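The exercises below are meant to be worked with the sequence and the coordinates side by side. Each one sets a task and then follows it through step by step.

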Amino acid sequence: MSIFYGLNTEAYDRQYSDRELLRRVLRYFAPHRQRTLVVALLIAAVAAAGATQPFVVARGLDALVQSPRLEVVLGLSGAVLAFGAFNWGGNWVRRRLTARIIGDIVLALRRDAFQASVGHDMSFFDEFRSGRIISRITSDTDEFAQVVLLVTDVLSQLLVIGIMLVPLFNVSWRLTLTLLGFSPVVALLAAGFRRIARTVTRKGFRVLAEVKSTIQEAVTGIGVAKNFRQEGAIYADFAAVNLQSYRVNLRRGLALAALYPALNALSGVVTAVLVYTGGLAAAAGAVSVGNWYLFILSVDRFWGPMINVSAFWSQFQGGLSAAERIFALMDAAPTVRQTGQRPVGRLRGEIGFERVSFRYTGQEQVLQDFSLHIAPGESVALVGHTGAGKTSIARLIARFYEFQAGRITVDGQDV
């Protein structure tokens with residue numbers, strides 16, 4: 001039996017394109033434009049400082065080779081210290097603002113998801129396990145928040161890559177083209193990994209929801225289980241789904257971790273090529289020692305962000321999968337739809353069922369062409385075996401469920 005058995009999508013699940021998901025996510029960022037702009041400026045400033053530091057160090061090394069004085073060493077050390085202090089301060093402020101933005105967005109997401117859930121009629125909760133719904137409102141929103149924080153780091157690294165390219169071309173366009181020549185390989189590898197990452201991430205979220213649902217049902221019904229001495233049975237159910245969760249998430253972890261070692265191996269090849277070609281150029285006098293050092297240092301400054309962006313792509317797919325599950329819950333169409341609103345005065349208590357047909361599911365017909373009239377002040381007792389529809393009649397009066405045919409009135413008003 002497959003380890004994914006029982007982890008099928010819910011009936012209200014749907015697949016969204018990446019563009020549609022991003023468009024809906026950006027709506028939640030709209031109220032925080034000003035803070036988002038400040039975060040973007042801080043990202044740009046820190047990225048610029050990080051990209052500039054290697055060039056300052058390279059020029060310092062050139063100056064040190066020409067004039068090995070203490071003043072040059074102190075100036076170079078002070079510049080490195082200043083860059084480090086600026087990066088620390090900028091990142092500290094950026095992360096504080098980002099945490100506040102993410103907190104507000106998660107607050108809004110959970111509010112909207114919960115509001116959509118409680119707006120459904122009772123048939124929705126009869127069909128779908130409440131533990132899975134809870135998982136979407138809690139765990140999936142947390143996962144989405146982590147990915148949003150991750151995206152800000154990725155943007156910072158992308159800016160570092162872009163800023164470094166301009167001076168690198170000015171120093172040596174041949175070495176820069178050598179460095180860029182491997183970039184399409186990384187992009188193709190990450191793009192090919194996208195579908196695998198999205199699939200295993202969806203399964204991981206579903207099995208987590210299954211675990212939470214099993215725990216909730218066991219704790220909620222623990223009194224009944226103890227009355228009938230079924231503690232062993234509910235533990236067996238939990239153990240089975242917990243083992244399934246372990247296997248699914250182990251497969252997910254292995255799949256998501258497969259990309260990073262491949263990219264690291266590729267970065268080793270790039271480093272070796274740059275050291276070799278740069279060393280030949282420096283020996284021939286075509287490139288200064290400082291510029292050669294600059295390119296060796298740029299391997300980490302450039303290739304490191306490239307690897308991180310590609311590796312983060314799988315985690316980014318996890319965030320999109322979480323958003324997909326949250327929005328699917330929000331977009332689930334309710335069965336009971338209110339088409340009008342009328343003020344309710346003092347009720348007399350007249351209730352009428354006129355040829356009402358009702359079923360919970362397509363295979364579970366409860367009432368068929370049922371009619372009943374209860375006069376104001378009249379008391380009526382409903383007697384019948386379990387499943388005859390006694391409770392269903394009371395629920396239909398309150399319109400907890402949608403009936404398929406007929407008419408129900410209270411004081412002559414159609415509910």
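**Exercise 1. Decide whether arginine 229 is buried or exposed, and describe its backbone.**

Solution. Arginine 229 has a relative accessibility of 65% and therefore counts as exposed, given that buried means under 20% relative accessible area, exposed over 50% and partly exposed in between, with a 1.4 Å probe and protein chains only. The next step is to place arginine 229, which lies in the loop between α8 and α9 (231-257); helices here are DSSP runs of H or I with at least four residues, strands are runs of E with at least two, and both are numbered from the N terminus. Finally, the phi angle of arginine 229 is positive, about 55°, although the residue is not a glycine.

The model is predicted, so that local features need pLDDT of at least 70 and side-chain atom pairs count only at pLDDT 80 or more, whereas totals for chains, interfaces and linings use all residues. Residues are numbered from 1 along each chain as its sequence is written, and side-chain values use heavy atoms, with hydrogens and water left out.

**Exercise 2. Find where arginine 355 lies and state its phi.**

Solution. Arginine 355 belongs to strand β1, and its phi is near 50°, a positive value in a residue other than glycine. With 56% relative accessibility, arginine 355 counts as exposed.

**Exercise 3. Characterise the aromatic pair of tryptophan 88 and tryptophan 92.**

Solution. Rings of Phe, Tyr and Trp (its six-membered ring) pair if their centres lie within 6.5 Å, and planes under 30 degrees apart count as stacked, over 60 as edge-to-face and the rest as tilted. By this rule there are four aromatic pairs. One of them joins tryptophan 88 and tryptophan 92, which are stacked at 6.5 Å centre to centre with 15° between the planes. Both residues lie in helix α3, four residues apart, about one turn of the helix. Tryptophan 88 is exposed, at 61% relative accessible area, while tryptophan 92 is partly exposed, at 48%.

**Exercise 4. Work out which parts of the chain are tied together by the pair of phenylalanine 358 and tyrosine 401.**

Solution. The geometry of phenylalanine 358 and tyrosine 401 is edge-to-face, with 5.8 Å centre to centre and 65° between the planes. Phenylalanine 358 lies in strand β1 (residues 351-361) and tyrosine 401 in the loop between α12 (390-397) and β3 (405-410), so the pair ties together parts that are 43 residues apart in sequence. Both phenylalanine 358 and tyrosine 401 are buried.

**Exercise 5. Describe the surroundings of threonine 98.**

Solution. Threonine 98 is found in helix α3 (residues 70-118) and is buried, with a relative accessible area of 4%. Leaving aside residues up to four places away in sequence, threonine 98 touches Val39, Leu149 and Thr152, where contact means heavy atoms within 4.5 Å.

**Exercise 6. Identify the residues of isoleucine 222's helix and its separation from isoleucine 234.**

Solution. Isoleucine 222 is found in helix α8 (residues 222-227) and, at 33% relative accessibility, counts as partly exposed. Isoleucine 222 and isoleucine 234 are 12 residues apart along the chain, and their C-alpha atoms are separated by 8.9 Å.
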